[in-house]
Amino acid sequence: MSEQKNPGGSGENGRDGQEEAVPAQREDTGEVIGTRRGMFGADNGGDTSGYGGLVRTVRLPGESSRPYGGPAGTEGHGEFDEIADELEGALDEQGLVPGNVIEKTVVDRAELTFHIERGALPAVARILRDDPALRFELCTGVSGVHFPGDKGRELHAVYHLRSITHNRLIRLEVGVPDADPHVPSLVDVYPTNDWHERETYDFFGIVFDGHPALTRIMMPDDWQGFPQRKDYPLGGIPVEYKGARIPAPDQRRSYS
Amino acid sequence: MTTAPHSHSSDGPRTASDFDTEPSPARETTEGTVYNVSGGDWDEIAAAAVKSDDERIIVNMGPQHPSTHGVLRLILEIDGETVTEARCGIGYLHTGIEKNLEFRTWTQGTTFVTRMDYLTPFFNETAYCLAVEKLLGITADIPDRASVIRVMLMELNRMSSHLVAIATGGMELGATTIMIYGFRDRELILDIYELITGLRMNHAYIRPGGLAQDLPPGAVDQVREFVKKMRKNIGEYDKLATGNPVFKGRMEGIGYLDLAGCMATGATGPIVRSAGLPHDLRKTQPYCGYEDYDFEVPTADTCDSYGRFLIRLEEMRQSLRIVEQCLDRLAPGPVMVADKKIAWPAQLALGPDGLGNSLDHIKKIMGTSMEALIHHFKLVTEGFRVPPGQTYAAVESPKGELGVHAVSDGGTRPYRVHFRDPSFTNLQAMAAMCEGGQVADVIVAVASIDPVMGGVDR
């Protein structure tokens with residue numbers, strides 16, 4: 001398992017000949033999100049396996065080129081191309097330059113992702129919702145992802161839009177820097193995003209500008225920090241609620 | 001805190017200002033400082049309510065109210081008997097499952113996700129496993145038998161979830177008989193779970209790549225028996241409730257949400273189907289081979305709680321049909337992908353101590369094959385690697401679209417798993433359903449949403 005050049009399993013055969021032993025590398029153009037050293041994730045000298053010197057770059061799937069194909073793994077011009085064409089056409093009509101609005105288009109695992117420039121997100125969402133050829137009526141909320149290694153785009157907001165009319169699903173992704181974690185709110189376009197954006201703010205600290213009441217939703221109102229960021233530890237945090245302080249489980253007094 | 005002066009004279013009705021709203025102060029004890037639970041901004045709100053001379057008050061219903069489906073806090077602004085504004089307070093059951101997932105292997109994740117919406121464990125597990133399998137690119141390699149058993153368990157689970165929805169919803173109306181009926185039938189389903197997975201809830205039975213183990217002997221017979229029994233029992237709900245004038249009087253026109261409202265609030269499941277849209281992921285985006293099963297998607301055009309009740313009842317009938325088809329379709333075969341780099345743990349069997357590794361397998365890896373031992377150890381402790389990327393997998397849970405956004409960075413642990421839980425999204429529609437109605441109807445509307453706080457808060 002550990003020495004596997006190609007842990008991607010069955011679908012990745014034929015790539016073993018690559019020079020670099022990188023995990024399931026698709027292309028060298030992918031988005032670099034970090035570097036992994038050693039074999040077992042040990043970073044304090046505990047790796048005695050002999051693989052401690054191994055350095056591998058972690059890349060997310062990179063930009064795709066036309067034709068994008070379709071959801072069933074269609075080769076050639078497919079449904080994804082239709083969506084992209086319609087979106088680009090509609091953006092043109094609104095006087096937006098598709099090349100600036102859509103930073104890149106990724107087709108991976110038969111799913112279509114548009115990386116959107118954050119300022120244009122509400123306009124894109126409105127087009128996707130209202131254009132008769134697109135009609136993505138249902139937004140299934142926003143999910144945050146924290147990539148500390150993706151410099152300048154540490155925080156990603158990921159939206160999945162479902163079209164009931166055309167029976168399609170696409171993904172929008174917006175990357176923002178840690179220092180300026182502002183994304184325009186989509187509550188105007190998709191009111192369902194109200195709680196979802198509050199949740200993402202709560203856990204990742206992404207500020208959704210224009211949200212009617214962006215407050216914490218899961219954690220207590222006075223909680224410090226954003227728990228699902230990668231630099232936030234799991235456990236070990238004393239809980240303070242309404243003035244009372246409860247120590248972390250490992251620091252509570254013992255009754256034995 | 002500032003209280004309004006006691007300006008009211010003794011004549012006239014008693015108002016809130018006649019009561020002492022001063023919170024008890026914090027006091028020192030030998031155990032440390034003891035704080036009271038009142039105070040905060042609620043004092044100001046209470047004081048503001050005292051000053052206004054109408055009957056407008058703000059009521060906290062929950063988080064410990066017996067009819068709010070767990071620790072849901074409803075904040076209701078009431079003018080007389082009318083709810084003028086309704087908001088939800090959630091987060092009381094937040095357990096950080098999504099964060100915890102990032103610190104365990106992909107396979108161990110099923111143990112967490114099964115605890116999210118604790119009434120629909122098999123849906124959580126399946127949605128998660130479908131996402132992991134999509135990331136691994138092994139969706140097509142899942143054995144048929146595993147998919148059929150997944151579908152069977154999910155449909156049994158749909159029934160047990162709907163039974164709780166109907167039972168507790170009825171109980172909140174004061175109809176305790178329907179509660180007894182619902183939990184009686186749910187018990188039959190939980191017995192099946194117990195036979196198949198060893199547990200009544202929190203199963204972790206569906207694993208990335210297939211199932212933890214095959215069906216035990218006697219499971220098929222018991223499910224067949226149950227289907228026979230349940231066919232008879234479902235009629236009782238009809239007889240008891242469907243035409244019952246009291247039941248209809250409480251439910252009809254309550255919790256109204258039309259199709260536009262459903263789309264705006266993102267409501268799915270029985271709520272959107274009660275607005276007349278036959279949107280069901282099992283039909284539109286089939287997974288686990290649902291395209292091969294014969295069933296219908298019931299809808300209603302009433303947009304209200306009564307329509308949702310009827311839909312749940314009909315969905316249970318359709319689930320019985322699907323379960324029967326599953327039983328006919330079960331062919332012998334493996335229940336885990338052939339890839340030994342993923343099938344984890346390598347060999348499972350029911351041992352004297354419950355679920356564990358089979359003695360034969362232990363004997364082999366300990367006695368004769370060092371390689372197999374290493375492989376087993378690595379797979380169990382480190383887990384398998386998942387190629388970098390992200391995916392979204394969705395299943396139609398009894399409550400609506402249960403989506404999983406899974407991100408991998410190529411490691412052996414999930415980089416990020418986000419659950420789009422239908423209860424969470426649907427609960428947002430509560431305000432639209434309840435405002436302008438009466439307090440008693442809030443209970444009915446919330447019951448028709450059927451939120452499970454384990455899923456809402458995760």
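**Exercise 1. The nonpolar core**

Find the residues that touch the most other members of the largest nonpolar core, and the helix that gives the most to this core.

*Solution.* Start with the core itself: in this predicted model, the largest nonpolar core holds 172 residues, and Ala127(B), Leu257(B) and Met430(B) touch the most other members. Next, look at the helix contributions: α5 of chain B, residues 144–172, gives the most, with 14 residues. Now zoom in on Leu257(B). Leaving out residues up to four places away in sequence, Leu257(B) touches Cys262(B), Ala267(B), Ile271(B), Ala275(B), Cys303(B), Ala429(B), Ala432(B) and Met433(B). As background, nonpolar side chains in soluble globular proteins tend to be buried together.

**Exercise 2. Two packed helices**

Describe how α13 and α14 of chain B pack, and classify the residues that make the contact.

*Solution.* First the geometry: α13(B), residues 359–367, and α14(B), residues 370–381, pack at about 115°, and their axes are 6 Å apart. Then the residues: α13(B) uses Lys364(B), Ile365(B) and Met366(B), while α14(B) uses Ala372(B), Leu373(B) and His376(B). Finally, sort them by class, which gives four nonpolar, one polar and one charged.

**Exercise 3. Where the chains meet**

Work out how many residues each chain brings to the contact between chains A and B, and which element gives the largest share on the side of chain B.

*Solution.* Chain B supplies 48 residues and chain A supplies 45. On the side of chain B, the elements that give two or more residues include α2 (97–101), α4 (121–136), α9 (259–265) and α14, along with β10 (389–397) and β11 (400–408). The largest share comes from β11(B), with four residues. By class, this side of chain B has 16 nonpolar, 18 polar and 14 charged residues.

**Exercise 4. A profile of chain A**

Summarise the make-up of chain A and of its annotated domain.

*Solution.* Count the elements of chain A first: four helices and eleven strands. Of its 256 residues, 36% count as buried. Among contacts in chain A with a separation of 6 or more, 50% come from residues 24 or more positions apart. Then turn to the record: an unreviewed UniProt entry annotates residues 115–236 of chain A as "domain: NADH:ubiquinone oxidoreductase 30kDa subunit". That stretch is 18% helix and 29% strand, with its end C-alpha atoms 36 Å apart.

**Exercise 5. Backbone outliers**

Locate a cis peptide bond in chain A and two residues of chain B with positive phi, then decide whether each of those two is buried or partly exposed.

*Solution.* Begin with the expectation: most peptide bonds are trans, and most residues other than glycine have a negative phi. The cis bond joins Arg66(A) and Pro67(A), with omega about -10°. Pro67(A) sits in the loop between β2 (55–60) and α1 (79–93) of chain A.

In chain B, Asn202(B) has a phi of about 55° and lies in the loop between α6 (176–197) and β6 (206–207). Asn202(B) is partly exposed, because 14 other C-beta atoms lie within 10 Å.

For Arg458(B), phi is near 50°, and the residue falls in the segment after α18 (453–457) of chain B. Here 26 C-beta neighbours lie inside 10 Å, so Arg458(B) counts as buried; the cut-off for buried is 20 or more.

Note on methods:
Residues are numbered from 1 along each chain as its sequence is written. Chains are lettered from A and ligands numbered from 1 in the order in which they are written. This is a predicted model: local features need pLDDT of at least 70, side-chain atom pairs count only at pLDDT 80 or more; totals for chains, interfaces and linings use all residues. Axes are lines fitted to C-alpha atoms, for helices over the stretch in contact, and angles run from 0 to 180 degrees between N-to-C directions. Two residues are in contact if their C-beta atoms, placed from the backbone, lie within 7 Å. Ala, Val, Leu, Ile, Met, Phe, Trp, Tyr, Cys and Pro count as nonpolar, Asp, Glu, Lys and Arg as charged, and the others, Gly among them, as polar. UniProt positions are given in the numbering used here, feature names are shortened, and annotations may be inferred rather than shown by experiment. A nonpolar core is a set of buried Ala, Val, Leu, Ile, Met, Phe, Trp, Tyr and Cys residues joined through C-beta atoms within 7 Å. A residue is buried if 20 or more other C-beta atoms lie within 10 Å of its own, exposed if 12 or fewer, and partly exposed in between; C-beta atoms are placed from the backbone.
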